[in-house]
Amino acid sequence: MYIGGYPRQLRYYRASSLSHALELLSEVGEEGKVIAGGQSLMPMMRLRMSFLNNLIDIYGINELRYVKIDGNTLKIGALTTHQEIAMDPTIARNMPMLTRAAWTIADLQVRNRGTIGGSLAHADPAANYLPALMVADAELSIIDKAGQRRVRLSNFMLDSYTTDIKPSELVAEVDIPLDRYNAFGYSILKRGGNAFPIVIAAVAAKVGNGVVHEARLGVGGITAKPLLIELNDIEGKSIGDALNSAQRSIDASIDESIKGTRLLSDIHASDRYRLGAAKSFSLEAVKSALGGRS
Ligand SMILES: Cc1cc2nc3c(=O)[nH]c(=O)nc-3n(C[C@H](O)[C@H](O)[C@H](O)COP(=O)(O)OP(=O)(O)OC[C@H]3O[C@@H](n4cnc5c(N)ncnc54)[C@H](O)[C@@H]3O)c2cc1C
């Protein structure tokens, strides 16, 4: 009998270490899933949109909770919470758009429990991190009992709520190169309270001697998978010229990349509204990346 709001009966395991979690995952196979902060999975289980026989709790595995710099790479353990990311001085110094992405997730309760690995594995098309990490060229380290593989975030996310992760695998780490871009912008449109974003725009650019050498834009909230766009039209231009022509370049690039694609639309924002907002907020992200730079 279905009792509204309660998940179906299942077996619960608490992993005591990373190797224990991988062992459990290989045992239960497709019959189970891991739970990290539970901020997406628990609501889905309670609404009975997710049916599981086995739940493996990985939240207590401290081996996967860290922020560090190794050479030119910022490394974030998958179980690092949104609040830890928002408050981390190393991230604020090196990748400020990620700080902003984390700060603008929901509210303190959600940020205190939710994890970066859980957010990426859940792959909500309007999740805060996706556009920021995609433009920054983030890679994921994915592990199972047999070993490790690496995958670009832009290839990891296949569609809304769909990734290339296998039942026996875990997202272990998010790696962000720090030597590729030196200017970042992040702009987000949200309703009030702890609502999900409507549109998110993130920009990573390489700027030097007053010239924009490279610029890429990520846009979430309008398509099933966030858009990743090279802003070729503003590359090679002075910052002033790039800013002057940015809106034209953004509009043309977004229109081109959504051709033949169904846009997201719901009771909070129609597809037309989302598209218009995406273009405006993309310009804001470009301005915040390039503004004040020389
Ligand atoms: C009220 C509310 C408001 C929210 N608002 C926002 C918002 O504004 N912006 C935003 O981006 N998000 C928002 N969220 C979602 C939130 O960011 C979640 O924390 C996040 O999506 C999931 O992280 P988690 O650790 O809670 O994962 P869980 O809910 O535990 O798991 C989610 C999925 O990921 C899988 N998973 C978890 N960890 C791993 C791992 N390491 N490896 C492989 N698979 C894994 C699970 O099996 C499950 O399928 C909101 C959530 C709530 C409840």
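1. A quick definition before anything else: buried here means under 20% relative accessible area. Valine 207 has a relative accessible area of 6%, so it counts as buried. Keep in mind that this is a predicted model. Valine 207 belongs to strand S12, which covers residues 197–208. If you want a partner to look at, take alanine 289: the two residues are 82 apart in sequence, and their C-alpha atoms are 9.5 Å apart in space.

2. Proline 197 is also in strand S12. With a relative accessible area of 6%, proline 197 is buried. Measuring from C-alpha to C-alpha in the model, you get 7.2 Å between proline 197 and glycine 221, and those two are 24 residues apart along the chain.

3. Now the ligand. There are 31 residues around it, and the ones that come nearest are Val34, Ser40, Leu41, Thr115 and Asn128. Sorted by class, that shell holds 17 nonpolar residues, 12 polar ones and 2 charged ones. As for where the ligand sits, the space it takes is the largest pocket.

4. Which secondary-structure elements each supply at least two residues of the shell around the ligand? They are strand S2 (32–35), helix H7 (116–122) and strand S10 (170–177). H7 gives the largest share of the shell, with 4 residues.

5. On to the ligand's polar contacts. Asparagine 128 uses its side chain: an N or O atom there is 2.7 Å from a nitrogen atom of the ligand. Glycine 37 uses its backbone, with a polar atom 2.9 Å from an oxygen atom of the ligand. Alanine 106 has a backbone N or O atom 3.3 Å from an oxygen atom of the ligand. How much of the ligand does the protein bury? Taken alone, the ligand exposes 970 Å², and 91% of that is buried by the protein.

6. Stay with alanine 106 for a moment, and have a look at its backbone. Its phi is near 40°, which is a positive value in a residue other than glycine. Alanine 106 is in the loop that runs between helix H5 (96–103) and helix H6 (108–113). So you can check the backbone angle and the ligand contact of alanine 106 in one view.

7. Tyrosine 161 is another one for the backbone list: phi is near 55°, again positive in a residue other than glycine. You'll find tyrosine 161 in the loop between strand S8 (157–159) and strand S9 (162–163). Is tyrosine 161 buried or exposed? Neither, as it happens: tyrosine 161 is partly exposed, because its relative accessible area is 47% and that class runs between 20% and 50%.

8. Threonine 80 lies in a loop as well, the one between strand S5 (73–77) and helix H3 (82–87). Threonine 80 has 1% relative accessibility and so counts as buried. What does its side chain meet? A polar atom of the threonine 80 side chain lies 3.1 Å from the backbone oxygen of tyrosine 66.

9. Last, leucine 140, which is in strand S6 (residues 139–144). Leucine 140 counts as buried because its relative accessibility is 0%. The C-alpha atoms of leucine 140 and glutamine 39 are separated by 21 Å, and these residues are 101 apart along the chain.

Conventions
Residues numbered from 1 in each chain as written. Predicted model: local features only at pLDDT ≥ 70, side-chain atom pairs only at ≥ 80, totals over all residues. Heavy atoms only, no water. Near = heavy atom within 4 Å. Polar contact = N/O pair within 3.5 Å; in protein donor to acceptor, adjacent residues only side chain to side chain. Areas by Shrake-Rupley, 256 points an atom, 1.4 Å probe, with all protein chains shown as cover. 1 Å grid on protein atoms, 1.4 Å probe; cavity = no way out; pocket = protein on both sides within 12 Å on 5 of 7 lines; lining within 4 Å. Sits in = over half its atoms within 2 Å of the grid points. Nonpolar A, V, L, I, M, F, W, Y, C, P; charged D, E, K, R; others polar. Buried < 20%, exposed > 50% of the residue type's maximum accessible area, 1.4 Å probe, protein only.
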